[in-house]
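Here is a short report on ring contacts, nonpolar packing and the chain interface. Keep the viewer open while reading.

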Amino acid sequence: MAVKNVTVDNFNEEVLQVKLPVLADFYADWCGPCRMLRPALEQISEERTDVIVAAVNIDENPELADDYDISSIPCVILFKDGAEVDRSIGLVPKEALEALLG
Amino acid sequence: MTDIVVIGAGPAGLTAAIYARRASKSVIVLEALSYGGQIINTPDIENYPSAAHISGFDFATKIYEQAKSLGAEIKFEKAVEIRDGGDVKTVVTAKNEYDAKAVIIATGSANRKLGLPDEDKLTGRGVSYCATCDGAFFRNKKVAVAGGGNTALEDALYMADIAEKVYLIHRRDAFRGEDTTVERLKSRDNVSFVLNSRVTKLNAGRRLESIEVTDKDGKVSTLEVSGLFVAVGRVPENQNFSSLIDLDEAGYAASSENCRTRTPGVFVAGDNRAKEVRQLVTAAADGAVAATEAVKYINS
């Protein structure tokens, strides 16, 4: 499965109301570390069927960045049952993202 | 055995790999995080010869592709130790050990933290180490910048265009950074200087809400800010190798002009090396020098 682009309009259905855990990557196109991090997220989305990987462009969806108190990107938040469980900030190795999933 | 193991895939390490490969040496580059190093945080590089404008990400990707296409092997493993066996050096990572004839340490540096409680927890929730990366989150808000060097001054100036209010907090009364930047800051109505003072506490709910500042006489005040940009210098990443190289008091690696350390066959290149100028072009230059010297060492 590919990384799914999510916006403020479908965040509820695609992140908060889904049964599987969701790794949501808050990013921007101008952010170099976000671009560096993306391949790891794409790999996780291909390798794992027990998690959904979503991407939220914070320039286009500033409300979502504000809702989750995000002030640095990349910020990857793990959601389970509609609530934040954990988050990872900045460029991290793929293993650190996998560690979020437990 | 590999001819040259390079530790760090920033501009210095990747340039070293390019030069070593062009001298027909086998090369493994070990990188703890991601290729490119700190330059990937820079949205627009304007001072690299021949590239009037290029993003840090594109710059890093181009050197990475160049090194790879020349045959350098790049592995994402963190080097934790070098064992010196004379003609054979062993670079140890969490997963593997790599024997090499020569090693180039190009590990760069990391942000220096203030060392306050909750600083890590609030990173990304108001505390930041990169104004150009995170400044946009603080449009029309109040922020503080901590530090007295050029980075702090430039961060404050950058934030003065974005934020409602910028406090520049510095533990001394004079800045190490350039006077012209200080003068430009003084001309800004929304910048206040908080001198002879340091940040002593971070107050937060879900995100940073205010900071406590203590001056040299012990007087404590509170600044309501939603952002704190920490620009108090950098820490060179030499700690794992201090048994083989000499470090200065700030932790930078001492070397000769040609990047040799006190251990034959171990070289340093880039921002972790003790030197005056730390720029992209000097990192690349170090990489070229260190690789050339490493090749000479192996061939001798």
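## Charges over rings

B:K165 sits over the face of B:Y167, 5.3 Å from the ring centre. The model is predicted. In chain A, A:R38 lies over the face of A:Y27. Here the distance to the ring centre is 4.8 Å.

## Aromatic pairs

Over all chains, 10 aromatic pairs are counted. One of them joins A:F11 and A:F79. Their centres are 5.7 Å apart and their planes meet at 80°. The pair is edge-to-face, because an angle over 60 degrees counts as such. A:F11 belongs to helix α1 (residues 11–16) of chain A, and A:F79 to strand β4 (residues 75–80) of chain A, so the pair ties together parts 68 residues apart in sequence. Both A:F11 and A:F79 are buried.

A:F26 and A:Y68 make a tilted pair, because their planes are at 50°. The ring centres of A:F26 and A:Y68 lie 6.2 Å apart. A:F26 is in strand β2 (residues 22–27) of chain A. A:Y68 is in the loop between α3 (62–67) and β4 of chain A. This pair therefore ties together parts that are 42 residues apart in sequence. A:F26 is buried, with a relative accessible area of 0%. A:Y68 has 16% and is also buried, because the limit is under 20%. A:F11, A:F26, A:Y68 and A:F79 form one aromatic cluster.

## Nonpolar cores

Which residues have the most contacts inside the largest nonpolar core? They are A:F26 and B:I104, in a core of 100 residues. Helix α7 (residues 280–299) of chain B gives the most to this core, with eight residues. Domain 1 (2–111 + 234–299) and domain 2 (119–230) of chain B each supply at least three residues to the core.

B:I104 has a long contact list, with residues up to four places away in sequence not counted. Among its contacts are B:I4, B:V5, B:V6 and B:I7. B:I104 also touches B:F267 and B:A269, as well as B:A290, B:A291 and B:A294. Apart from the largest core lies another, of 18 residues. Its members include B:Y129, B:I211, B:L223 and B:V230.

## Domains of chain B

The domain assignment splits chain B into domain 1 (2–111 + 234–299) and domain 2 (119–230). How far apart do the C-alpha centres of the domains lie? The distance between domain 1 of chain B and domain 2 of chain B is 33 Å.

## The interface

At the interface, 21 residues of chain A are in contact with 24 residues of chain B. The two chains, A and B, bury about 1,900 Å² between them. Carbon and sulfur atoms carry 56% of that area. A:M36, A:D69 and A:S71 supply 36% of the area that chain A buries against chain B. No other three residues supply more.

## A loop residue in chain A

A:D59 is found in the loop between β3 (52–57) and α3 of chain A. Is A:D59 buried or partly exposed? A:D59 has a relative accessible area of 45%, so A:D59 is partly exposed. Leaving aside neighbours within four places in sequence, A:D59 is in contact with A:A28 and A:W30. A:D59 and A:Q43 are 16 residues apart in sequence. In space, A:D59 and A:Q43 are 24 Å apart, C-alpha to C-alpha.

Conventions. Residues numbered from 1 in each chain as written. Chains lettered and ligands numbered in written order. Predicted model: local features only at pLDDT ≥ 70, side-chain atom pairs only at ≥ 80, totals over all residues. Heavy atoms only, no water. Phe/Tyr/Trp six-rings, centres within 6.5 Å; stacked < 30°, edge-to-face > 60°. Helix = DSSP H or I, 4+ residues; strand = E, 2+ residues; numbered from the N terminus. Buried < 20%, exposed > 50% of the residue type's maximum accessible area, 1.4 Å probe, protein only. Lys NZ or Arg CZ within 6 Å of the ring centre and 35° of its normal. Core = buried A, V, L, I, M, F, W, Y, C linked by side-chain atoms within 4.5 Å. Domains from an automatic or database assignment. Contact = heavy atoms within 4.5 Å. Buried area = accessible area lost by both parts, 1.4 Å probe.
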